[in-house]
Amino acid sequence: MAAVVAACLGVALIGVAIVFAKDGPPETTSQRIPVGEDGYVVREEPDTVFGGRDTLVSVARPDYYAVTYLKFQVTAPSGFRVQSMSLQLQADAKPPASLQVRSVLTSDWSEKELSYATRPGLGEVLGGEPTVSATNLVSFDVSAATPTTGNGPALYSFAVTNASDSETLTLFAGEHGAGAPALAVTFIEIQDTETLDGHQRGDGSGKPHPSGTVSPGASASPSVDPSASVTPGQPNPPGNIPAGRTLCGVGFIPKSGESYTQGIGRVDGLYGGLEAFRTFYTGAPSAWPGNAGKVGRTVVVSFKYNPKEILSGSRDAYLRNWFAQAPRDRDVYWVYYHEPEDNIESGVFTAADYRAAWRRIAGLADAAGNPKLHATLVLMDWSVFPQSGRKWKDYYAGSDVIDVLGWDVYNFNFTNPKYPDAATMVNRVANISKAEGKPWGIAELGTAILPGDSSGNGRAAWLTDAANASIRGGALWVTYFDVDFTRADWRLLDGPSQKAWRSFCDA
């Protein structure tokens, strides 16, 4: 062994280590670590916990979106650090080709409590495409993953997403026994040159903590204080967007045997004459008038195409004509692919393609020369929460493209006997919009009746608070999602809730 000794009489040695160089290459050792906790979440069942199942599911169907979560505890042998890691998952059949594994921003979750409503946010994509064996063993290289803990055993959390809208990925969970998820880890002996003032990283990974990472239990602060009271009013709207009072509206689905026009009459009767409607096209927008035109007043209308279709130019002619035929006697807030976040997160398309598609479509709309057409981006309010791991501007094509910011604001805490503060929920998205200098509105507002509120009085108070906060914040419109949907029955069927929304519409 060769020794290098630094010493100098009368001089303090600060940050200098005595290093003993070892002959030969560093040693390695390997472990196969079983999953510690696992589960999956389903958007359409936001409060359901699936952590006790013996299978795990990922899929991106329009009516059923699921993501699998996995957690591992990794303890490096003394004097070793992680060199490489492979996430190994056993599928029950040939897996879809559209799989990704992503980091998870925190390991502060439990399979006994994990649900879509409580899910932690997702981070970067890891490992690229997986390898798949003849026995359907799916392996991802996750060597680039960083533990979510700073001291003690290292915790690694991963999410498995599936961009397919038709093929479901089914994996064996830890409860299955044979074929349970595992992390194959290779550790390498720490070399002396990896020390820093003689101290090693506490989790044994030998990797530096990434800058900006939020420690478990801590929260990142958004650029705008989400709890602050919103400043009254709104920025001067860019050309041709109306200022003035907040419009009251709904989105609805006709009852069985009821035409859309009959449904308009029904909800108008319930709420005393609505000023705005929210309409949806699951694919291409129907030629005018369509449902969006039948409402005969302000409309917030969505349509969907995969960005690749838009960028290919194959939809240009149809959309150019659709914009050219749009009404010119009422405001049309048109929305391309509302709530794209889950689709982007699961790899259905990229944020870059989404933004580029927005820019192309906006150009087609501008060519119509119709001052009543307003490009409106509609996102989930969840996407501005730090714990979502998202940055809402990832979906923003730019101030020169987007005229209005729209938000879908829902209370998903169905089992909580207390309604969340509605003003805080509204102020959060209002402040984000105002900081960007954009007019804004709530495209979908909703809450189910919570346990213990059989009369509906609690929900009625929540609706009134949400409406008042929207008015104070200068929202262009608020449309209630009056629909019995797969996630919950949001409809205002009780007298107090109907009266509260009618009071807003009559104000």
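This section describes the barrel of the predicted model, its packed helices and the backbone geometry of selected loop residues. Local features require pLDDT of at least 70 and side-chain atom pairs pLDDT 80 or more, whereas totals for chains, interfaces and linings use all residues. Residues are numbered from 1 along each chain as its sequence is written, and side-chain values use heavy atoms, with hydrogens and water left out.

Eight strands, in the order S15-S16-S17-S18-S19-S20-S21-S22, form a closed barrel with parallel pairing. Strands (E, at least two residues) and helices (H or I, at least four) are DSSP runs numbered from the N terminus, and two strands pair if DSSP finds at least two bridges between them. Neighbouring strands of this sheet are turned by 25° against each other on average, direction ignored. Axes are lines fitted to C-alpha atoms, for helices over the stretch in contact, and angles run from 0 to 180 degrees between N-to-C directions. Strand S17 (298-303) runs parallel to S18 and is joined to S18 by five bridges; Val301 has Trp334 of S18 as its bridge partner. Helix H1 (260-271) packs on the sheet, touching S15, S16 and S22 (contact: heavy atoms within 4.5 Å), and its direction makes about 135° with that of S15. Helix H8 (457-472) lies across S20, S21 and S22, at about 175° to S21.

The Trp288 to Pro289 peptide bond is cis, with omega near 10°, and Pro289 is in the loop between S16 and helix H2. In the loop between S18 and helix H5, Tyr337 and Glu339 are non-glycine residues with positive phi, about 50° for Tyr337 and near 50° for Glu339. Tyr337 is buried (under 20% relative accessible area; exposed is over 50%, partly exposed in between; 1.4 Å probe, protein chains only), with a relative accessible area of 10%. Glu339 is also buried, at 13%.
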